[in-house]
There are 4 protein chains.
Amino acid sequence: MIRALVWGENVHEQKNKVVREIYPDGMHETIARGLRESGGIDARTATLQEPEHGLTKEALENTDVLLWWGHAAHGDVDDAIVDRVVQRVWQGMGFIALHSSHFAKPFKRLMGTSCALSWREAGERERLWTVNPAHPIARGLPAHFELENEEMYGEAFAVPEPLETVFISWFQGGEVFRSGMTYQRGNGRVFYFRPGHETYPTYYDANIRKVIANATQWAFNPNITDHDMTKAPNVPVEKALEPIEERGPRLHAAGEEGFR
Amino acid sequence: MIRALVWGENVHEQKNKVVREIYPDGMHETIARGLRESGGIDARTATLQEPEHGLTKEALENTDVLLWWGHAAHGDVDDAIVDRVVQRVWQGMGFIALHSSHFAKPFKRLMGTSCALSWREAGERERLWTVNPAHPIARGLPAHFELENEEMYGEAFAVPEPLETVFISWFQGGEVFRSGMTYQRGNGRVFYFRPGHETYPTYYDANIRKVIANATQWAFNPNITDHDMTKAPNVPVEKALEPIEERGPRLHAAGEEGFR
Amino acid sequence: MIRALVWGENVHEQKNKVVREIYPDGMHETIARGLRESGGIDARTATLQEPEHGLTKEALENTDVLLWWGHAAHGDVDDAIVDRVVQRVWQGMGFIALHSSHFAKPFKRLMGTSCALSWREAGERERLWTVNPAHPIARGLPAHFELENEEMYGEAFAVPEPLETVFISWFQGGEVFRSGMTYQRGNGRVFYFRPGHETYPTYYDANIRKVIANATQWAFNPNITDHDMTKAPNVPVEKALEPIEERGPRLHAAGEEGFR
Amino acid sequence: MIRALVWGENVHEQKNKVVREIYPDGMHETIARGLRESGGIDARTATLQEPEHGLTKEALENTDVLLWWGHAAHGDVDDAIVDRVVQRVWQGMGFIALHSSHFAKPFKRLMGTSCALSWREAGERERLWTVNPAHPIARGLPAHFELENEEMYGEAFAVPEPLETVFISWFQGGEVFRSGMTYQRGNGRVFYFRPGHETYPTYYDANIRKVIANATQWAFNPNITDHDMTKAPNVPVEKALEPIEERGPRLHAAGEEGFR
């Protein structure tokens, strides 16, 4: 069982009647249900309002893949928690950023870019094209699939060149968007998936659920703690793999920790 | 003329006799001289000790490519200045991280990873292999070139999969390292180049100077301000490129700024 | 001066009245004129009907960047000439495949894939989005630009994951397409650019001309013959860079050529 | 069960006493045994000498992942069989090229480059560094592992920039080499793995066997026939996803097949 944790900002659901009617148990719970029903995934939820936003050290240590939906309250996410999430991704936890989470703090930290884009909220038609049909995240998905009402996100999307582009969206109003992109940061796999505006029932759509479940499977790293990609070990001369003699001047004492 | 700015931490040169003797005017000045002599590059310098570390808004606005050497004092670099540097890279300024700057704050911010590696200070031989000889950064460089005394950096180097790997190092003690890698972040090109330990005269080496000059040319973006990759403009329905009608519920008022 | 060679199949211009009226001197000549007018590029032309398709050994040796437009007669291109073109790309010649040349023999050889796509000839609107505005090929181009009448090409486009995606197209009929993608093969840079159906005046469009001129500049490798990426040299033990002694059994005699 | 097929050229084993003594049942059989023992993989073998080199249409249709070892007889592999293998990779069959198969016809066809490298047969030490420890192909492998006697392959290796670099080799004689690299071609995943010179017992090494078994698992595509990446379907105007009207001149009749 993959241990997924669906993090929801859970603000619109409290403040906006339309959103609450579509997602009476919260968007996070709807997403988590989709994962559970997909098989092989044990999905819990956490929200901004919980202590430590529900992202305690223990919670993260018991998480293989973290899914994130944020929008109105990106700025309210505590920087220390963001650090903790990012460190855990580096250790090997998968991270899936959904829709408006392009501006979520952990996603921006992992990308190293502004993650800006253009947008329009008009309930227009979005059609996602599967550009890499063999990709594990695209398994079982058709060549294209539609969402009759979605918010538009338009290029240029200020993210790094991805490892792989899996989906590209066509919008009725004339824009395009790279809607599904893969990355790796440290030992953790990262996937950005565009759809999911809060005022539409996107997370009930069968294709969208399949993409998110596939992405969760793909982002799962069973060897999460084997290699710590955050340590910078000093290798003493006498432990060099090939025999070498120390030469020339040096700054560091033997066995010393380096600067950070 | 490309306007390069060589930023030097300038700490070892003050505190360590060996370093001072090799680089009496500072490592930054030696690097800058190499750029000036290469032709077509106007190279200034800035150091940690200057007000705002010499990286004022004006200084950055007059910089096409920023080269960075830091080591002992990464933590002393002001976070607000780091933000400024990163934003300027996103606008299109080139950024070249040298040697121990793998742990420099702006580089880590741009990579989104820990940037950790293993290391050994033993004055051993390093041999750089040109794995992409056609790359602009490798122009004029031989198939391989040596530094008789260098610090060792070993894999796994915790950076994202690069756009291009240009150089890979062989070390006498048995390690390898991806020594020259390219990235893009927003509109800015980023290059990491490994050699340059402070206790050896690496920045006087002709091949090293050529790589750094080539990288500066490569990282130069003549259209630095044309596209702002940090704005997230709302496109109103009535300005959509294709005629659409607004449908369904919405959260945002027309023309409103989005959440960040 | 960059020495560009625009290769045109030159079949539709002979057989189809519509194409001949739009391109009375041939599509290749129109494209070449655009390059000449852009500055810094000396553009010649060659066609399928010339001896050796105009791609003699000498012609290629005097070519820095080869642009290719083919469609109806892909199969008539001599395989020996295709080999010669591909070898020259490996040496460092740039190669720009235009529109229906996705199925041209040298492009398929360089990609290693089928290069298939879906298509529709309905004169519909195409809008190209600049997804990497800082890329040298996008310099001076707007955020998006339109072609009122074009053939549709749709994803999934069976090419390898590109080095960089520069443009993505939106089509009126509902498809998307990665319209501008970069690759490197050996020492040669390769760019695929989608627009250019023969029955529309696409190659007179100012934006299209700018993209093609930018791509020609980008694909130019001034050090074309420095490194031969096709040789597999044996390095004798006595010339090893580090002293080693021969050990164990061997198959090859010293200095022998390897198998191919 | 993943259906792997290990293809062996099977020439050195017949002609060379040293090779025959190390691999009395052929290198292919030794490699296949390693796969079988790894669990979850049903490994068959095929050799150059069999009718159609053992790569009949039926054999390939029953193969999920093809592993290839060739050296002395690359030129004897029938071009029609190479076409068949490449087409099957495009459909989704995994392809793993071992050692001297860098010059095998199907690998060169899939890469689109010369695949040249430098080499030396001196039984020197090779040390492979795991540069992407979280990659599925690196699972269970240590940070580095050694082969006391191997042939040297040196950079620059003339292959395209990989999707991912998983291993880099250090050689005693002073060279480095990107020893494990991933690619995708059509729907098929491709992995190149360097070690495996015929005069050394490399394919009995536990780490090498683990890499090859991991790579076979990684290259497996369970949806091999879902998407045919070799067809170029015409989409008629009346079946466009968005309503469009045909405009302007056209070359093709409705429903016509395109040119190839």
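This report walks through the chain pairings, one helix and a few notable backbone spots of the structure above. The model is a predicted one.

**How the chains pair**

Let us start with chains A and B. Chain A falls on chain B after a rotation of 180° with 0.0 Å of shift along the axis, and the RMSD is 0.0 Å. That is how copies related by a two-fold axis behave. Within chain A, the residue whose C-alpha comes closest to this axis is A:G112, at 2.6 Å. Of the interface residues of chain A, 100% are also interface residues in chain B, so these two copies meet through the same surface.

Chains C and A make another pair to look at. A turn of 180° with a shift of 0.0 Å along the axis lays chain C on chain A, with an RMSD of 0.0 Å. Here C:W170 is the residue of chain C that comes closest to the rotation axis, its C-alpha being at 3.3 Å. Again the copies meet through the same surface, because 100% of the interface residues of chain C are interface residues in chain A as well.

**A closer look at the C and A contact**

Each partner is represented in this contact: chain C gives 21 residues and chain A gives 21 residues. About 1,700 Å² is buried between the two chains, and carbon and sulfur atoms give 62% of that area. On the side of chain C, the residues that lose the most area to chain A are C:W129, C:E161 and C:W170, which together make up 32% of what that side buries. What kinds of polar pairing are found between chain C and chain A? The count of salt bridges is zero, while eight residue pairs are in polar contact across the interface. Three strands of chain C, β5 (118-130), β7 (164-171) and β8 (176-185), each give two or more residues to the side that touches chain A. The largest share, six residues, comes from β7(C).

**Helix α3 of chain A**

Helix α3 of chain A covers residues 27-38, which is 12 residues. From first C-alpha to last it reaches 17 Å, close to the 16 Å expected at 1.5 Å a residue. Its buried residues are A:M27, A:H28, A:E29, A:T30, A:I31, A:A32, A:G34 and A:L35. In an α-helix there are 3.6 residues a turn, so residues three or four places apart point the same way. The cover over the buried residues of α3(A) includes the strands β1 (2-8), β2 (41-47), β3 (65-69) and β4 (94-98), along with the helices α1 (12-15) and α7 (206-219), of chain A. After α3(A) comes A:G39, with a positive phi near 95°.

**Backbone spots and a buried loop residue**

Two chains have a cis peptide bond listed here, and two non-glycine residues have a positive phi.

| Site | Backbone value | Place |
|---|---|---|
| A:E155 to A:A156 | cis, omega near 5° | A:A156 in the loop between β6 (144-154) and β7 (164-171) of chain A |
| D:E155 to D:A156 | cis, omega near 5° | D:A156 in the loop between β6 (144-154) and β7 (164-171) of chain D |
| A:E52 | positive phi of about 55° | loop between β2 and α4 (57-61) of chain A |
| C:E52 | positive phi of about 55° | loop between β2 (41-47) and α4 (57-61) of chain C |

A:E52 counts as partly exposed at 40% relative accessibility, and C:E52 is partly exposed too, at 39%.

Finally, C:N16 sits in the loop between α1 (12-15) and α2 (17-22) of chain C. C:N16 counts as buried, because its relative accessibility is 16% and buried means under 20%. Its side chain reaches the backbone nitrogen of C:V19 at 3.1 Å.

Note on methods: Residues numbered from 1 in each chain as written. Chains lettered and ligands numbered in written order. Predicted model: local features only at pLDDT ≥ 70, side-chain atom pairs only at ≥ 80, totals over all residues. Heavy atoms only, no water. Least-squares fit on C-alpha atoms with pLDDT ≥ 70 in both. Contact = heavy atoms within 4.5 Å. Helix = DSSP H or I, 4+ residues; strand = E, 2+ residues; numbered from the N terminus. Expected span 1.5 Å × (residues − 1). Buried < 20%, exposed > 50% of the residue type's maximum accessible area, 1.4 Å probe, protein only. Buried area = accessible area lost by both parts, 1.4 Å probe. Salt bridge = Lys/Arg side-chain N within 4 Å of Asp/Glu carboxyl O. Polar contact = N/O pair within 3.5 Å; in protein donor to acceptor, adjacent residues only side chain to side chain.
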